[in-house]
Amino acid sequence: MDQIIVRGNGPLSGEIPIAGAKNACLTLMPATLLTDQPLTLTNAPRLSDIRTMTALLQSLGAEVASLQDGQVLALSSHALTSHRADYDIVRKMRASILVLGPMLARDGRAEVSLPGGCAIGARPVDLHLRALEAMGAELDLRDGYVHARAPSGGLKGAVVDFPLVSVGATENALMAATLARGTTVLQNAAREPEIVDLARCLRAMGARIEGEGTSTITIEGTDSLHGATHPVVTDRIELGTYMLAPAICGGEVECLGGRIDLLSAFCEKLDEAGISVSETPRGLKVGRRNGIRAVNVTTKPFPGFPTDLQAQFMALMCVAEGTSVLEETIFENRFMHAPELTRMGARIEVHGGHATVTGVDGLRGAPVMATDLRASVSLILAGLAAEGQTTVSRVYHLDRGYEHVVRKLRGVGAHIERVKEE
Ligand code: EPZ
């Protein structure tokens, strides 16, 4: 397995291009199952999760061509040859569950492995299933799979009131509703930019959708959808991650393609911490005025502070002046980066969903281990500001969500390299 070696090297300067959003692309790709016409996605990120979703769609009989070095995905599913999403693929990537709604809406049947838990939490899919049942789906859970059938006349429109905000369940229901008979209203729907992006793509395919980005989304079902070409929205989590690099190291970096509206709550916290963020014609420029101030953070569904940036923000708070409390309200086990940061000299106390971070003058490089996607990049950020060498192992986690991380950080002056583990 590869390792990434980072050495603190002082302030950063230059520009970092931000890629298309992994979490948008992973829901846009299954949308191809809703039509027999071609769907083309541009600005697609080059990530292992995208390759996994490609393999899954191909196993169902869809064609997925990766063009222009992976930045363009040409998808089409004339006729599905299978309706079974196998455990061996689904267990590698939970987002595989997002083929359930489209497959059920298109062909009236689907067999999708239950994803199982993951490092950050149990992550059940009950809300996905409840929404599809409300649309008339008959679901049979057995041998670790969801065996789903739509009624003979297909799915029907329904009012779906989500008891808690779920990005994936909103996406599954939104896609299924585009081909259901009648009107579907999703209440307490997730408002993430990735859902807005999905709705825009579905509308380009002929779907009739209103209210995306708010808590209530209304969909008028249609008989069929046609193809489209759609640009994947900028990845706000990659953006926030790289905005933290000059924040933690000092200097000034321009994140190309960055937009404040994708991360307003996060940018407010950066401002409170003493980090300057300004909009430029090409993206967002981030610099550090003076010291870093400790600020408290509570993760929330969009438009709140994103849970996917909690680990990275903790790295910044480790070297802030004062004490901060980070409250994780979305997942039950998302502080696994804390003990690794502690190995680098951070002072962090975790009690349930709260982590109390007391800033220290500086971190010291150490061998650390990545435990999940966002924790892995939190350790790299800490290593950028630490005295000495930090070696991050199990970087396969990183490859799921960050393309060319070494090249992008080297481009702004970081001392970082990727090596084969001895
Ligand atoms: C999406 O996961 C993202 N993944 C996650 O990003 C992100 O952390 C999460 O949304 C929250 O923003 C993708 O988009 C591929 P949820 P998802 O359903 O859809 C509970 C990353 O690092 N829940 O909004 O799985 C669940 O356990 C990944 O890129 C149920 O109880 O998240 C969690 O506590 C990590 N029942 C909460 O809701 C359900 O049926 C929010 O989960 C579904 C979810």
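A polar contact is a pair of N or O atoms within 3.5 Å; within protein, one of the two must be able to donate a hydrogen and the other to accept it. The model described here is predicted.

**A serine in a loop**

Ser-82 sits in the loop between β5 and β6 (84–85). A polar atom of the Ser-82 side chain lies 3.0 Å from the backbone nitrogen of Arg-84. Beyond its neighbours within four places in sequence, Ser-82 is in contact with Ser-59, Leu-60 and Met-103.

**Two domains and their interface**

The protein is divided into domain 1, made up of residues 2–18 + 234–420, and domain 2, which covers 22–231. The centres of the two domains, taken over C-alpha atoms, are separated by 31 Å. Contact between them involves 22 residues of domain 1 and 19 residues of domain 2. Together, domain 1 and domain 2 bury about 1,700 Å², with 49% of that area on carbon and sulfur atoms. On the domain 1 side, Phe-302, Arg-400 and Glu-403 supply 34% of the area buried against domain 2, more than any other three residues.

Eight residue pairs, both members at pLDDT 80 or more, are in polar contact between domain 1 and domain 2. The side of domain 1 that touches domain 2 has eight nonpolar, four polar and 10 charged residues. Three salt bridges are found across this interface.

**Salt bridges**

The structure holds 21 salt bridges. Side chains of opposite charge can pair when their charged atoms come close. Two of the salt bridges are listed below, each with its N to O distance.

| Residue | Partner | N to O distance |
|---|---|---|
| Arg-400 | Asp-49 | 2.8 Å |
| Asp-69 | Arg-46 | 2.8 Å |

In the salt bridge of Asp-69 and Arg-46, Asp-69 lies in the loop between β4 (63–67) and β5 (72–76), while Arg-46 lies in the loop between β3 (39–42) and α2 (48–59), so the pair ties together parts that are 23 residues apart in sequence. Arg-400, which pairs with Asp-49, is also one of the three residues named above for the area that domain 1 buries against domain 2.

**Backbone features**

Most residues other than glycine have a negative phi, and most peptide bonds are trans. Asn-43 has a positive phi, near 55°. Asn-43 is placed in the loop between β3 and α2, the loop that also holds Arg-46.

A cis peptide bond joins Phe-302 and Pro-303, with omega about 15°. Pro-303 is in the loop between β18 (297–298) and α10 (310–317). Phe-302 is among the three residues that supply 34% of the area domain 1 buries against domain 2.

**Record annotation**

An unreviewed UniProt entry lists residues 7–409 as "domain: Enolpyruvate transferase". Over residues 7–409, the chain is 31% helix and 25% strand. The C-alpha atoms at the two ends of this stretch are 12 Å apart.

Definitions and conventions. Residues numbered from 1 in each chain as written. Predicted model: local features only at pLDDT ≥ 70, side-chain atom pairs only at ≥ 80, totals over all residues. Heavy atoms only, no water. Domains from an automatic or database assignment. Contact = heavy atoms within 4.5 Å. Buried area = accessible area lost by both parts, 1.4 Å probe. Salt bridge = Lys/Arg side-chain N within 4 Å of Asp/Glu carboxyl O. Nonpolar A, V, L, I, M, F, W, Y, C, P; charged D, E, K, R; others polar. UniProt positions renumbered as here; feature names shortened; annotations may be inferred. Helix = DSSP H or I, 4+ residues; strand = E, 2+ residues; numbered from the N terminus.
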